[in-house]
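Work through the exercises below with the sequence and the model side by side, and attempt each task before reading its solution.

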Amino acid sequence: MLKKVAIITNGGDCPGLNAVIRAIVKTAETNGVECYGYIEGYKGLYENNYIKLESNGSASGLLHRGGTIIGASNSTNLFNLKVEENGQTVYKDVSDYCIENVRKAGFDCIFTLGGDGTQKSARDFSIKGLNVIGVPKTIDNDVAHSEITFGYNTAVSVATEALDRLHSTAESHHRIMVLEVMGRYAGWIALESAIAGGADVALIPEIPYDINSVVEKINKRKAEGKKFSIIVVSEGAKPKDGEMIIRKTLNDGKGLDNVRLGGIGEKLAEDLEALTGMVSRNTTLGYVQRGGTPTAFDRVLSTKYGYKAMELALEGKFNVLVTLKGGKLSYVSLEDVVGNNKEIGARSGGTASTNIKTVKMNDDLVKVARNLGICLGD
Ligand code: F6P
């Protein structure tokens with residue numbers, strides 16, 4: 001019999017987190033289960049810091065709210081935690097201590113709302129005997145075996161609005177406008193917003209780009225009388241003969257989320273200005289993509305995911321990730337999701353050793369983009 005459950009929101013924040021919390025809490029209450037929330041992600045598990053969540057109390061008014069009311073941390077790896085001991089920095093596996101905390105608190109199941117790094121730890125906890133259910137959160141939409149992650153639709157909407165706004169200023173000044181969007185090693189946000197926003201070029205990590213084909217596209221437009229061009233570039237995109245631009249290496253390069261990307265938009269604008277002679281500007285969209293209120297789509301998706309997570313817990317189906325299959329609520333084993341994930345080499349920027357969900361060349365979005373004349377840089 002399920003009596004007490006707890007939620008963890010881990011990794012970067014994301015629109016829809018609060019809506020998932022709300023749905024889990026409400027479904028728990030409907031079924032006579034108490035719900036708690038760990039404060040600041042996996043950090044709260046280590047510090048044994050949690051609060052009670054109630055729909056008439058701490059968890060009320062959540063549906064439209066951005067961020068997460070219980071906080072998040074995206075650098076806490078409990079299997080390799082950075083701690084100071086005797087004036088020295090050491091890495092320790094504190095997972096057994098955390099499991100003990102969960103047992104003492106009496107939680108029958110932990111819901112882990114997070115991306116691939118979070119679910120990897122969830123899988124590792126499940127191997128050690130904890131009952132875990134994951135919910136795929138990330139604006140990047142890159143969780144393996146997950147049709148769509150919550151937060152992604154909001155990020156695409158924000159990027160699309162930015163493209164609409166860039167269009168009018170690009171047209172007025174006859175400029176090349178570059179928009180750098182997030183997505184880490186996957187080009188979903190760039191590709192989908194490029195289609196939604198009518199961009200001329202979309203550069204994604206999955207297709208190392210040839211600057212000459214971008215120049216060709218811009219020149220072709222010029223020859224047709226179009227005096228401006230709109231380019232979307234994913235933060236993880238790289239030129240054919242170059243590397244991803246890493247802004248910062250985190251945690252000494254340890255773990256899955258070990259680098260902060262960014263800067264390719266600026267480089268691209270400079271290169272294109274030199275090669276086309278047209279004035280070029282870059283806009284890096286940054287954190288507005290993941291802040292603020294979720295779209296109606298993400299509110300509904302988050303609510304469905306939250307409900308399904310609780311339903312799975314009530315059925316005793318643990319160590320799985322909630323997902324959609326053919327548009328229907330479903331689940332996959334955490335092992336299938338993160339089983340093949342390896343650490344990404346901090347400086348290589350390579351994606352080959354992980355099974356994050358990247359854009360495949362036969363994806364409908366790729367076919368649509370190509371047939372609509374969007375240059376993908378190859
Ligand atoms: O994974 C979500 C995401 O927003 C990425 O798109 C981005 O690269 C990264 O997180 C930024 O993370 P941080 O919060 O560490 O700056």
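## Exercise 1: two helix pairs

The axes of helix H6 (residues 188-196) and helix H11 (residues 364-371) cross at roughly 45° and come within 10 Å. The model is a predicted one, in which local features need pLDDT of at least 70 and side-chain atom pairs count only at pLDDT 80 or more, while totals for chains, interfaces and linings use all residues. Residues are numbered from 1 along each chain as its sequence is written, and side-chain values use heavy atoms, with hydrogens and water left out.

**Task.** Classify the orientation of H6 and H11, and list the residues that make their contact.

**Solution.** Begin with the terms: helices (H or I, at least four residues) and strands (E, at least two) are DSSP runs numbered from the N terminus, and axes are lines fitted to C-alpha atoms, for helices over the stretch in contact, with angles running from 0 to 180 degrees between N-to-C directions. Angles under 35 degrees count as roughly parallel, over 145 as roughly antiparallel, 65 to 115 as roughly perpendicular and the rest as oblique. The crossing angle of roughly 45° therefore makes H6 oblique to H11. The crossing of H6 and H11 is left-handed, a word used if the near helix is turned anticlockwise from the far one by less than a right angle, with right-handed used if clockwise. Contact means heavy atoms within 4.5 Å, and here H6 contributes Trp188, Leu191, Glu192 and Ile195, while H11 contributes Leu365, Val366, Val368 and Ala369.

**Task.** Describe how helix H7 and helix H8 pack, and identify the residues in the contact.

**Solution.** H7 (residues 211-223) and H8 (residues 264-276) have their axes 10 Å apart and pack at an angle of about 60°, and the two helices are therefore oblique to each other. H7 passes H8 in a right-handed crossing. On the H7 side the contact is made by Ile211, Val214, Val215, Ile218, Asn219 and Lys222, and on the H8 side by Leu268, Asp271, Leu272, Leu275 and Thr276.

## Exercise 2: an aromatic cluster

**Task.** Which residues do ring pairs link into a cluster together with Tyr36?

**Solution.** Rings of Phe, Tyr and Trp (its six-membered ring) pair if their centres lie within 6.5 Å; planes under 30 degrees apart count as stacked, over 60 as edge-to-face and the rest as tilted. A search of the whole structure finds eight aromatic pairs. One of them joins Tyr36 and Phe107, a tilted pair with 5.3 Å from centre to centre and 45° between the planes. Tyr36 belongs to strand S2 (residues 34-38) and Phe107 to the loop between helix H3 (95-105) and strand S6 (109-114), so the pair ties together parts that are 71 residues apart in sequence. Both Tyr36 and Phe107 are buried, where buried means under 20% relative accessible area, exposed over 50% and partly exposed in between (1.4 Å probe, protein chains only).

Next, the ring centres of Tyr38 and Tyr50 are 5.5 Å apart with the planes at 75°, so this pair is edge-to-face. Tyr38 lies in strand S2 and Tyr50 in strand S3 (residues 50-53), so parts twelve residues apart in sequence are tied together. Tyr38 is buried, with a relative accessible area of 0%, whereas Tyr50 is partly exposed at 29%. Ring pairs thus link Tyr36 with Tyr38, Tyr50 and Phe107 in a cluster.

## Exercise 3: two buried strand residues

**Task.** Is Cys109 buried or exposed, and which residues does Cys109 contact beyond its neighbours within four places in sequence?

**Solution.** Cys109 lies in strand S6 and is buried, with a relative accessible area of 0%. Leaving aside those sequence neighbours, Cys109 is in contact with Leu2, Lys4, Val5, Ala6, Asn131, Ile133, Ala313 and Phe318. For Asn131, which is 22 residues from Cys109 along the chain, the C-alpha atoms of the two residues are separated by 4.9 Å.

**Task.** Locate Ser229 and list its contacts, not counting residues up to four places away in sequence.

**Solution.** Ser229 is placed in strand S10 (residues 229-234) and is buried, with a relative accessible area of 1%. With those sequence neighbours not counted, Ser229 touches Arg175, Ile176, Met177, Asp200, Ile218 and Arg221.
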